[in-house]
Amino acid sequence: MKFYNVGKIVNTHGIRGEVRVIPTTDFVDERFAKGAKLYLDESQGEPLDLTIESARPHKGSLLVKFVGYDNINDVEAFRNHKLMVSEDDQQPLEDGSYYYHQIIGLTVKTVDGRELGKIKEILSPGANDVWVVQRPNQSDLLLPKIDDVIKNVDLENGIVKVELLEGLE
């Protein structure tokens with residue numbers, strides 16, 4: 001089964017089994033809702049199956065409690081581990097919206113056919129995402145995810161067509 005990252009446990013909180021999570025998903029309310037199922041990334045072996053008992057915002061992060069983990073000693077080992085969702089639990093997106101894992105690795109070409117490189121990561125600094133394109137023998141190219149720049153995303157062929165506005169390159 002494939003898993004996708006939705007957050008990282010950065011610390012414990014209190015003595016009753018809560019952990020502090022930095023979410024890395026656009027679907028925070030759904031992923032961390034009471035009863036939602038997540039998986040803890042364990043470096044050795046299968047991911048650990050966890051169910052959300054409660055989640056609440058706290059200083060730019062979430063405080064999350066899992067069913068059956070009622071003590072700080074139960075969750076201490078979870079620190080610095082990723083929380084994931086299974087591929088089966090991903091929800092369909094509307095047209096023009098994509099999961100990060102679908103975009104990372106795509107080849108970027110200009111509308112006139114010039115190949116620029118591959119998308120290596122996605123940043124979320126504010127109003128819109130920024131796609132980071134790794135270019136051979138050049139510095140990375142930062143492409144804002146706006147309609148004026150991103151003209152076409154072809155997942156089947158692994159290509160993103162872009163129009164470089166003045167000052168982007």
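**Exercise 1. Classify the burial of Arg-135 and describe its surroundings.**

Solution. Arg-135 has a relative accessible area of 9%. Buried means under 20%, so Arg-135 counts as buried in this predicted model. Next, place the residue: Arg-135 lies in the loop between β9 (130–134) and β10 (141–144). Then follow its side chain, which reaches the backbone oxygen of Ser-139 at 2.9 Å. Finally, list the contacts, leaving out residues up to four places away in sequence: Arg-135 touches Leu-116, Asp-140, Leu-141 and Glu-169.

**Exercise 2. Determine the geometry of the ring pair Phe-66 and Phe-78, and locate both residues.**

Solution. A search of the whole structure gives four aromatic pairs. For Phe-66 and Phe-78, the ring centres are 6.2 Å apart and the planes stand at 70 degrees. Planes over 60 degrees apart count as edge-to-face, so this pair is edge-to-face. The pair links distant parts of the chain, 12 residues apart: Phe-66 is in strand β5 (residues 61–66), and Phe-78 is in the loop between α2 (72–75) and β6. Both Phe-66 and Phe-78 are buried. Together with Tyr-69, Phe-66 and Phe-78 form one aromatic cluster.

**Exercise 3. State whether Ser-86 is buried or exposed, and identify its contacts beyond the local sequence.**

Solution. The relative accessible area of Ser-86 is 2%, so the residue is buried. Ser-86 belongs to strand β6 (residues 82–86). With neighbours within four places in sequence set aside, Ser-86 is in contact with Met-1, Lys-2, Phe-3 and Tyr-39. For the backbone, take Leu-38, 48 residues apart from Ser-86 along the chain: their C-alpha atoms are separated by 7.7 Å.

Conventions. Residues numbered from 1 in each chain as written. Predicted model: local features only at pLDDT ≥ 70, side-chain atom pairs only at ≥ 80, totals over all residues. Heavy atoms only, no water. Helix = DSSP H or I, 4+ residues; strand = E, 2+ residues; numbered from the N terminus. Buried < 20%, exposed > 50% of the residue type's maximum accessible area, 1.4 Å probe, protein only. Contact = heavy atoms within 4.5 Å. Polar contact = N/O pair within 3.5 Å; in protein donor to acceptor, adjacent residues only side chain to side chain. Phe/Tyr/Trp six-rings, centres within 6.5 Å; stacked < 30°, edge-to-face > 60°.
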